[in-house]
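This briefing walks through a molecular structure, beginning with pairs of charged side chains and ending with the place where two chains meet. Please keep the sequence and the structure in view while reading.

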Amino acid sequence: MFNIISNIKEENIMKKILGAVLATTIVASTVLSGCSAATKTEGENSTQQAEEKAVTESAQVSEGGYEECTIRFDWWGGDSRHEATQKAVEAFMAKYPGITVDVNFGSWKDWESARALEYQSGTGSDLTQINYSWITDYNVDGKTFADLKQFSDIIDFSQYDENELAICEDVNGALAGVPIALTGRIFYWNKTTFDKAGIDTPKSLADLKAAGKVFAEKLGEDYYPLAVGEYDRAILMSFYLQAKYGKAVIDEELNFNYTEEELKDGLDFINSLEEEHVIPSIKTIDGDGAASFDVNQKFLDGKYAGILEWDSAAKKFITALGDAGELVVGEEFTDMGESTGVSTKVSMLYAITNTSEYKREAAMLLNFLINEPEGIELIGTQRGIPQSKIAYETLEKANAIDPVIAEAHTKVMDAAEFFFSPKFDDASLKGDGGAYKDVFGGISYGEYTTDEGAKILFDAYTNATK
Amino acid sequence: MEGLKKPQSFKIRKFCKDNIGLVFILPWIIGFLVFKLYPFASSLYYSFTDYNLFKGMKEYTLQNYIDVFTIRAEKKALIVTFKYAFMTVPLKLVVALFIAYILNFKIKGVNLFRTAYYIPSILGGSVAISILWKALFKDGGLIQNAFAIFGLSAPNFLSDPNWALFIICLLRVWQFGSAMIIFLAALKGVPEELYEAAAIDGAGKWKQFFCVTVPIITPVIFYNLITQLVAAFQEFNGPYIITAGGPRSATTLMSLLIYNNAFKTYEMGKASAQAWVLFIILLIFTIIAFKSQKHWVYYSDEDGR
C-alpha cells in the first residue's frame, strides 16, 4: 500500500519536473531567440558567416549576373538630399530588378554615434555614406569597411585621379571608401538683410567687421552679419591662423603645428568678432533652441544674415530660407594674412561594410550613384560637385550643376591651400563634450580667458594627434 | 540490494522535491545572469581599464575613478546631479502631497481634476513633451512672450546656466501625478476618528494635517522619496533633448555624461567607472534613507508605537 502511494507520489513529482523543464525550455528559447536575432556580437564572426553563406547558399541569380537580394543603404542630409537620393534608389531598383534597397536616412544630429555603434556591432548597412574622419575613427584596424579595390570590375575607378583615391585608403592600404566630392567652407550671405542695412555683402574681413556696427545701429541689437557656433568658430579660427602663420593646424602627417600663443591669437580674433557685434554670443545661439541654423528662427527671419558652411550645403539653407531672403555665395577673405587660409577635405564617401552579405550588389548601387548617368542626374549636386569625372561631365551637359553650389565650390577650390585633416574632427575635439564646445563656449560665456582657452585647446589638439 | 538503492534515489527525489521551485524560476535566473549580472560584472571590469570601443584596451588603471572627483567636467556633472535631485524630489513630493490633500475633499468634478493632474505623468517622459518644453522656454518662446504681455522681461531660460537646470526640474515636477495618486490612496486610509479626536482637542486644519495626516502617511512618503530619488539620479530625457547638457554643462547630469562618454567618445572604461560611482552614491543614499526610517516613519503594525 505504501509502495503504491510512494510510486504515485514519485510519478507526480516526475510529472511536475517534466512540466517545469518543458515550460522553462519554451520560455527560454522564445526569449533567447528573440535576443539573438536582434544582435550580432562580433563583426569578425559575422563577416565569416557572410562569406560562408555566400559560398554555401545557393542564392537566386538574376539574368544580369547579380544575386537577387535586399541591401541596406544609409545616408544623412537635408530634405532635398533625401528626396533626390530616394529617386535615384528607385531608378536603381528599376534598372536592376531583383535587388531591393532598404533606405535609412536622417539629419546629421546624432547620426554619427548611431552609425558608429552599428559598425561596431556588425549591423551596419551594406552601403553607407561616411565622413572622411570615419576611416580613421571607426576603421582603426581596417576591418569595418571593405576594400573597394576588389570590386574594380563593378566600380569604374578610372573616373578618379590616383591621389584622390589614395587619401581614402585605410591603415592597411585598402580603399575604404570612394570620395563623392571635395568640400570646404565658405560664407553665405542673406543679401536681403544686407540690403535692408544699406550695405553690400562682405568681400573681406574688414567689410565684415564694419558690417557689425552698421547692423547694430540700423537694424537692432538682435541682428548680426554672421552667426557661427562652436565648431564653425574652430574652422574660422583655423582659416585665420593658416592665413596668418602659413601652416596647417594639423598637416597630412598628423602633426599639430601651433603654439599656445598662436592659438591665443586665434581665440582673440574670434573674441573680437563677438565684441564688435559681428557674431552673436554662444549664449544667444543656445537660447534660440535650434539644433542647426537652417532650423533657427533668427536665421529664417534674416536676423542672422550670414553663415560659414560647406559648399555642398548651400541648397539646404536656400531651401530653408525660401522666399524670406536671398542667400548668395560670399568670398573667401584674402585680408586675414598671406593667403585665404582655406582648407578642403573629402566631403563624404560611400563605403561598403565588411559585414555586408551582398557586397557586389552594394558596389553596383555605389557605381550607379557616382558613375552611371541615371543615378548621377537624379542625385545632382545634392552632395556637392561630384569628384567623378563622368559625373561632372554628365551634369555639365545636362546643365544640372546647381549654379549656387558650382559658384561656392569653384571659390573654395580656387582659394584652397591647406589640408583639412580628419583629426580636426576627432571626437575629443568636435564631440558634444569636446574641446571646441568647451573652449569657444567657455570664452563666449566669460568662463575662460583666451589664455586659459588656448591652454585647453593646445592640450586637446596635442592629445588628438598623439 | 533494493534496500541499499532506496536511500540514494530517495535523496535525489527529496532534492528535486525541495528545489522544484528553482526550476520554475529558471527563466528569471537566466535573464538575471545574462541581462543583469553579466553587464554588471563587465562594466565593473571595464571601469578599471582604459577601454575604448574602437581603439581597444591598453592598460588597467584606477584613473577613471580618480577622474570622477578631479576632472572639472566630471566633478561638475556630479554637483549638477545632486542639485537636480535635491531640487526636484522635495518640490515634487510637496506639490504632489498638497494637490492630493486638496483632491481628497469631496468637491464637484474632483474626478476630472484627478485625471487632469495625472495626465502629465503619463505624457511627461515622452520626447514630444521635451520638445514642447523646449519650444515653450526658448528665447522668443511662449513663456517669454507671456512675460512681455505683462511688461516684464523674462530671463533666457535655456541659455542662462542659472535657469536651465530649474527648467529641467520643472518638467519633472510637472509630472507629479503618479506620486499624487499614491498619496491620495494613503490619505484615504487615514482613519476619520483621528481627525474627530483631534478636532475635539481643538486642533485646527493645519495642526491636523501636520500632527495626524503626515505621521500616518509617512510610509507612503518614504516610498515616494526612495522611488523619486532613484528616478532623479537617473534623469536623462530632459537634459538630453531640451538643452543637450548645456548651456555650459549646466544641465549635464551624470547619466548624460555617461552617455556622452560611452556613445560619443566611446570611452567605455571611463563611462563604466562613472556609472559605478553613480550606483554607489545612490546605494549610500538609499541605505541612509532606510536606516533613518525608524526615526520618522510610523508603521501602525509595529509594537509599542
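A:Asp153 and A:Arg360 form a salt bridge in which the closest N and O atoms are 2.5 Å apart. The two partners come from distant parts of the chain, since A:Asp153 lies in the loop between helix H5 (134-137) and H6 of chain A, whereas A:Arg360 belongs to helix H14 (residues 359-371), 207 residues apart. The model is a predicted one, and a search of the whole structure finds 30 salt bridges over all chains.

**Salt bridges within chain A**

- In the pair just described, A:Asp153 counts as exposed because its relative accessibility is 54%, while A:Arg360, at 39% relative accessibility, counts as partly exposed.
- The side chains of A:Asp232 and A:Arg185 also meet in a salt bridge, with a distance of 2.7 Å from N to O, and this pair again links distant parts of the chain, with A:Asp232 in helix H9 (residues 230-245) of chain A and A:Arg185 in strand S4 of chain A, 47 residues apart.
- Are the partners of this second pair buried or exposed? A:Asp232 is buried, with a relative accessible area of 9%, and A:Arg185 is likewise buried, at 3% relative accessibility.
- A:Asp459 and A:Lys455 have side chains that meet in a salt bridge of 2.9 Å, N to O, and because they are four residues apart in helix H20 (residues 450-464) of chain A, about one helical turn separates them.
- Both residues of this helical pair count as partly exposed, A:Asp459 at 31% relative accessibility and A:Lys455 at 42%.

**A salt-bridge network with members in both chains**

- A:Asp438, A:Glu447, B:Arg72 and B:Arg248 are joined into one network by salt bridges that share partners.
- As a general point, side chains of opposite charge can pair when their charged atoms come close.

**A buried acidic residue without a salt bridge**

- A:Asp170 has its place in the loop between helix H6 (162-166) and strand S4 (178-190) of chain A.
- Which side chain of opposite charge is nearest to A:Asp170? That side chain is A:Lys149, 7.7 Å away, and A:Asp170 has no salt bridge although the residue is buried; a salt bridge requires the nitrogen and the oxygen to be within 4 Å.
- The side chain of A:Asp170 does take part in a polar contact of 3.4 Å with the side chain of A:Asn139, and it reaches the backbone nitrogen of A:Asn172 at 2.8 Å.
- When residues up to four places away in sequence are not counted, A:Asp170 touches A:Ile135, A:Asn139, A:Gly142 and A:Ala176.

**A buried leucine and the fold of chain A**

- A:Leu365 is found in helix H14 of chain A, and this leucine is buried, with a relative accessible area of 0%.
- Leaving out residues up to four places away in sequence, A:Leu365 touches A:Ile71, A:Phe73, A:Phe92, A:Val101 and A:Leu127.
- One of these contacts spans much of the sequence, for A:Leu365 and A:Val101 are 264 residues apart along the chain, yet their C-alpha atoms are separated by 8.9 Å.
- Chain A as a whole has 20 helices and eight strands, and of its 466 residues 55% count as buried.
- Among the contacts in chain A with a separation of 6 or more, 74% are between residues 24 or more positions apart.

**Where chain B meets chain A**

- How many residues of each chain are in contact with the other chain? There are 30 residues of chain B in contact with 36 residues of chain A.
- The size of an interface is often given as the accessible area lost when the parts come together. Here, chain B and chain A bury about 3000 Å² between them, and 63% of it is on carbon and sulfur atoms.
- Four salt bridges are counted between chain B and chain A, including one between B:Lys264 and A:Asp110, whose closest N and O atoms are 3.2 Å apart.
- There are also 11 residue pairs in polar contact between the two chains, counted where both residues have pLDDT 80 or more.
- Helix H1 (2-18), helix H2 (20-24), helix H3 (26-47) and helix H15 (254-263) of chain B each supply at least two residues of the side of chain B that touches chain A.
- By class, that side of chain B has 16 nonpolar, four polar and 10 charged residues.

Methods:
Residues numbered from 1 in each chain as written. Chains lettered and ligands numbered in written order. Predicted model: local features only at pLDDT ≥ 70, side-chain atom pairs only at ≥ 80, totals over all residues. Heavy atoms only, no water. Contact = heavy atoms within 4.5 Å. Buried area = accessible area lost by both parts, 1.4 Å probe. Polar contact = N/O pair within 3.5 Å; in protein donor to acceptor, adjacent residues only side chain to side chain. Nonpolar A, V, L, I, M, F, W, Y, C, P; charged D, E, K, R; others polar. Buried < 20%, exposed > 50% of the residue type's maximum accessible area, 1.4 Å probe, protein only. Lys, Arg positive; Asp, Glu negative; His and termini not counted.
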